[in-house]
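Here is a friendly walk through this fold, taken one strand at a time. Keep the viewer open and follow along.

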Amino acid sequence: MPGVLGCDREEGSAYAVGAEGDSSMSAHYYVGDVFDVMAELPDNSVDLILTSPPFLALRSYLPADHPDKGKEIGSEANPAEFVDTLLALSAEWRRLLAPHGSIAVELGDTFSGSGGAGGDYADTGLREGQPKFDGSARRIVTDGGLRASANKRGVREQTGSYEKGGNGWPLAKSLALVPEAYRLALAYGINPHTGETSPAGRWRVRNVIRWVRPNPPVGALGDKFRPATSEMVVAAVAGDRYFDLDAVREPHQGARDRAPVQVTTNHGGNKESRNDHGEAFYNAGNPAGAPPLDWWKISPTGFSGAHYAVWPPELCVTPIKAMCPERVCTECGEPSRRITEQEYVPLDNRTANRTGVRVGHYSGDGPKPKGSNRLGVSMETIGWTDCGHNAYRPGVVLDPFAGTGTTLMVATGHGRDAIGIDIDERNADLARERIGELFLTVEERKGIA
């Protein structure tokens, strides 16, 4: 059985300590094709993959003369091929993830015909300052052949203008439902467009988080409502993945956040539960707060650098704190998990009024608790599991499409190590500005021969 670590650290402090006592966090940024770079990373080396891949047929990020232009993701001919690419990525993510790991992947959708995605487009159907999409609808096979990751994605030949319609697309003006197709593929292990088996296998889809932008660009509306959301799918392979809900709880808003626990009866309109001794008690609320909902209202944040789709840091905080452990054993691979204890505490009117707990008079069969005729139940953190090997590494967050490094910046700021990958070398310079030379190491990867 694992032991218990003390719980004397301050909230938000850097908890992870390496096997040799190094408590500094680090971030590594690799410039290169995402498949080539991931192939060099070891198995089971990442605890959380938090990313937003390029959306299908939304924009061209690389210049036309870039040597890796043909490898740019998002230039697939249709949604089916794009889902194939996402599943090839997911197959690599499954290899890289530790057994307790999770993925959190934000995707926007695409309209068939002309248009943009995610509500971030102007009346031209494009983001402000965005060139018209010039990806290719035709694949060619290079001398090296197709990728071994079985995504059918070879190097694409640039053929000029690109139309999001025709074979493999829904009717013009219809959403392609790419996020839904990807989630179905994760859950059922097949590409729903083709029926082919997914190289990523089957996953447990745990949540779909709706990112709500309170004031998105109006864009071209026509006969539709103003788009203001995109979706982040949270999935894992293991049934006992690492997840620390107490790390991300929010301040209580009132009695509705404190549903009574155990068997509930109704006495004079007051909801009541009983502990093992028959004493009536009421939920005093978790001291860490209420659990977050599955939609997050977060305003997009700008960045002075030349990048078109910068994540707000707030969007990364909750996934990292909840799904990336602060420390993982290098011997057995087990993360250190929170240990909580349920405690019964006396409640008086002042406590009840302060917490918003709905209380009633004690009506149990056992002895009346001293000093109060009401009891509350509270969950307290008493420590953290310890496997006993005394060899730990910090938790690791991977962003395979790191852009300007928002994920890396938030991860290191919350005591985790981070790895970023991006095909555009210009983004590495922007990431240096955000994270700083002291914490960020940048390497260029040309891929495996």
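In this predicted model, strand β2 (residues 27-31) runs parallel to β16, and 5 bridges link the two. If you want a place to anchor your view, take Y29, which stands opposite G420 in β16. On β2 you will also find a parallel pairing with β17, again over 5 bridges; there, A27 has L440 as its bridge partner.

Now turn to β16 itself, residues 417-422. Strand β15 (residues 396-399) runs parallel to β16 and is joined to it by 4 bridges, with D399 standing opposite G420. How well is β16 covered? Of its 6 residues, 6 are buried. Both faces are covered: D417, I419 and I421 are buried on one side, and A418, G420 and D422 are buried on the other.

The connection between these two strands is worth tracing. β15, helix α6 (residues 406-413) and β16 form a β-α-β unit that is right-handed. α6 lies across β2, β3 (46-51), β15, β16 and β17, and its direction is at about 175° to that of β16.

Next comes helix α7, residues 425-435. Its buried residues are N427, A428, L430, A431, R434 and I435. Because they cover an arc of only 165° around the axis, they sit on the same side of α7. The spacing has a familiar background: an α-helix has 3.6 residues a turn, so residues three or four places apart point the same way. Among what covers the buried residues of α7 are β2, α4 (313-323), α6, β16 and β17 (440-444). Just after the helix, G436 adopts a positive phi of about 100°.

Let us zoom out to the sheet. It is open, has 9 strands and mixed pairing, and its order reads β10-β5-β6-β4-β3-β15-β16-β2-β17. Its edge strands are β10 (295-297) and β17, each of which pairs on one side only. From one strand to the next, the twist averages 20°. Helix α3 (residues 178-188) packs on this sheet, where it touches β4, β5 (204-212) and β6 (229-236), and its direction makes about 10° with that of β6.

What about the nonpolar interior? The largest nonpolar core has 41 residues, and V34, L89, W93, I103, Y182 and I421 have the most contacts inside it. Elements giving two or more residues to this core are α1 (34-38), β3, α2 (79-96), β4, α3, β6, β15 and β16. The greatest contribution comes from α2, with 8 residues. To see one of the well-connected members, select V34: beyond its neighbours within four places in sequence, V34 is in contact with I73, L89, P400, F401 and I421. Another core of 31 residues lies apart from this one, and its members include A27, L50, M232 and L440.

One last stop is H100, which is found in strand β4 (residues 97-107). Is H100 buried or exposed? Its relative accessibility is 4%, so H100 counts as buried, the cut-off being under 20%. Leaving aside neighbours within four places in sequence, H100 is in contact with D47, R241, Y242, P325, V328, G333, P335 and R337.

Notes
Residues are numbered from 1 along each chain as its sequence is written. This is a predicted model: local features need pLDDT of at least 70, side-chain atom pairs count only at pLDDT 80 or more; totals for chains, interfaces and linings use all residues. Side-chain values use heavy atoms; hydrogens and water are left out. Buried means under 20% relative accessible area, exposed over 50%, partly exposed in between (1.4 Å probe, protein chains only). Two strands pair if DSSP finds at least two bridges between them. A crossover is right-handed if, with the strands pointing away from the viewer, the path from the first strand over the helix to the second runs clockwise. The arc is that of the directions from the helix axis to the C-beta atoms. Contact means heavy atoms within 4.5 Å. Axes are lines fitted to C-alpha atoms, for helices over the stretch in contact, and angles run from 0 to 180 degrees between N-to-C directions. A nonpolar core is a set of buried Ala, Val, Leu, Ile, Met, Phe, Trp, Tyr and Cys residues joined through side-chain atoms within 4.5 Å.
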